Amino acid sequence: MDAIIVAQGLIAALVDLNGNGSYLTWGWFSISYGNLAVILVMVALFLLALVVPFPGSKDGGE
Amino acid sequence: MTRRAPGLHPDIEVSPWRGAMRPYDLVKEVTICFVVVVALTVGLAVVFSSPDERAITMAQWSNAQPVDFAQTAISELDGTSTSANYGPPYNHGPNSQQLFGVSPERLIGVHLPLNTAQDFVLGPLSTQRDLPGLAAALEAFAAASPAERASWEQNYEGAITASAAGFTAGHLVVARGDYGPVGTMIDALTTMARSGALDTSMLTEEGFYSTNFTKPLLLLADSPSYLSSIAQAQHLAGGQWGMMNETGKYPGQAWLWLYTLWYQVPPMKTSSNADLEVWAIMMLLTAGLLLVPYIPGLRSIPRWSRIYRLIWRQHYRSMAVAQPKVNE
Amino acid sequence: MSQQRNDDLSTQWSARVRARAVQALPPDKLLPDRQPAYVASWIYLFGALTMTALMVVIATGAVLSIFGPTWWHTSSVGHFVNSLHLWSVELFFAFMVVHLWGKFFMAAWRGNRQLTWITGVVSFVASILAAFTGYVSQTNFDSQWIATQAKDGINSTGGGALFNVLNFGQMLMWHIMLLPLAVTAIVILHVLLVRHKGVVPPFEDTTEPLATSAIGSEA
């Protein structure tokens, strides 16, 4: 557990989400980049799940 | 374009599957999913950690912005604060929300009774009688007529919200005027708050053990600027889509996007009944999602979208290959 | 009391409940080793991902429970467990929403599967409530701000009299007792319904004209 916390401290020096947030604002619309990232990942996962051939299926010329 | 089995409603019914089956190891699938989720969780937690902004206290508030605190205190005493005018479930103030002339909170009534003058000012002050001049001030206030009190309170509210109001040498400074004992009382409450004694008094209101922070949170929220300015800086305010945001750069409750969206558009954006209107919309939409299988049109979107042709592309391919043979 | 004869046992309550349960979910339906050939897409994994993320949410929440609601402010191990809890929740919601999108576009309520869809939506709503009570149980600035903001919405419906978001003790109990029970119970029902009804078959399209339906051109 200690090793994980040390690793976390090292990584936090590079990736620290505690600073001031930044926001994508477009007219009346506003979203934090944190939330935008989560939503984009979800959409990407959905699209990949639809198009990537499933192993064991006869898809994609296997 | 599309033919279907006769008599079947394509968006409701489907014939039982009599086609091919293939081996599928569910336990293996769930186990692999579990391992993947644990790995992702540990990875994300190690890389991104989690936010933890310390809770604020009355002491921090009154030390940072003593005049803002005093303005809040007098508004609690004279009944002009947000909480004093809130209405149910706290009191009979006039500001309850309604939709089509019906106010659900009024129908349910007052269940968490709050008297802002007593709970936020007079009650806490009664525990501090040793402060210089406070005992006499509280007696004078108690002995005064309602008209006298109202006059002192109004005068003091005018003085403490004037730009000349300030804070020096541990005391509030306002222009001279007829405030009766109210100036002493608000100054004493500010002293009490700055020392941390108001936090203690309010947090132990229900006794030594307390897990209910209704009253102290309502007092914090009545501040015209302190709490809200911290939240504004973190993009957490309602008008900033704040409900889905988190402190720092963290993702928040992104799943509240639709709920917070309605607060950004007219008429809810400026409506004094916005909360009730948004809740009504969200309840309707949630009922809609729940009942999608029964709503004509909505339940046909999947068929019209033809995304299913992509999901089941292999099935339709094998059908297309197999079918001509059947017809021969 | 005389001993019941063997042929009377079929009227026993226990025997009847077992018979009904086995009829609804025989072992090879409850835990099948085969699936219809059309179950061949990554989208089918998101239900299992959601369920396993929920397991991680509950496990990390249980660790936080062992040491109490303010442990994570003062212990670096506690803070790490809180991070695990937060990210497993983000994963849980992300997987659940992708699962919902997938099931919507498969019209997975077809063939008497409406209750499966409905229990799924109910567990989504209960999860949102569970997450919300977690946010107001953090005992930090987030909780103060979210509780004082959210009270207005719930109060406007009249619900604030019963469900007081400013009452930390009440919110914590909902978060660690009532809502986890509710979400788990609904999810178990949801999964049993999926097993009972089976995976929804594809729409019964036959492309026309059949002979010219070239392989790979349909999507």
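How many residues do chain B and chain A each bring to their contact? Chain B gives 30 residues, and chain A gives 31 residues. The model shown here is predicted.

Start with that interface. The size of an interface is often given as the accessible area lost when the parts come together. Between chain B and chain A, about 2600 Å² is buried. Carbon and sulfur atoms account for 59% of it. On the side of chain B, Val46(B), Trp241(B) and Lys249(B) lose the most area to chain A. Together these residues make up 24% of what that side buries.

Now look at the polar links. Eight residue pairs are in polar contact across the interface of chain B and chain A, both residues being at pLDDT 80 or more. The count of salt bridges between chain B and chain A is zero.

Which elements of chain B give two or more residues to the side that touches chain A? They are helix H1 (26-48), helix H15 (307-311) and helix H16 (313-327). H1(B) gives the most, with four residues. By class, this side of chain B holds 16 nonpolar, 10 polar and four charged residues.

Turn next to chain C. Here the contact takes 107 residues from chain B and 98 residues from chain C. The area buried between chain B and chain C is about 9300 Å². Carbon and sulfur atoms give 68% of that area. Polar contacts join 29 residue pairs across this interface, again with both residues at pLDDT 80 or more. Salt bridges between chain B and chain C number zero.

H1(B) appears at this interface too. It gives the most to the side of chain B that touches chain C, with 15 residues. That side divides into 68 nonpolar, 21 polar and 18 charged residues.

Finally, step inside chain B. Helix H6 (residues 134-143) and helix H7 (residues 146-161) have axes that come within 8 Å. Those axes cross at roughly 125 degrees. An angle between 115 and 145 degrees counts as oblique, so H6(B) and H7(B) are oblique to each other. Which residues make the contact between these helices? H6(B) supplies Ala140(B), Phe141(B) and Ala142(B). H7(B) supplies Arg149(B), Trp152(B) and Glu153(B). Four of the residues in the contact of H6(B) with H7(B) are nonpolar, two are charged and none is polar.

How values were computed:
Residues numbered from 1 in each chain as written. Chains lettered and ligands numbered in written order. Predicted model: local features only at pLDDT ≥ 70, side-chain atom pairs only at ≥ 80, totals over all residues. Heavy atoms only, no water. Contact = heavy atoms within 4.5 Å. Buried area = accessible area lost by both parts, 1.4 Å probe. Salt bridge = Lys/Arg side-chain N within 4 Å of Asp/Glu carboxyl O. Polar contact = N/O pair within 3.5 Å; in protein donor to acceptor, adjacent residues only side chain to side chain. Nonpolar A, V, L, I, M, F, W, Y, C, P; charged D, E, K, R; others polar. Axes fitted to C-alpha atoms, helices over the stretch in contact; angles between N-to-C directions. Parallel < 35°, antiparallel > 145°, perpendicular 65-115°, else oblique.
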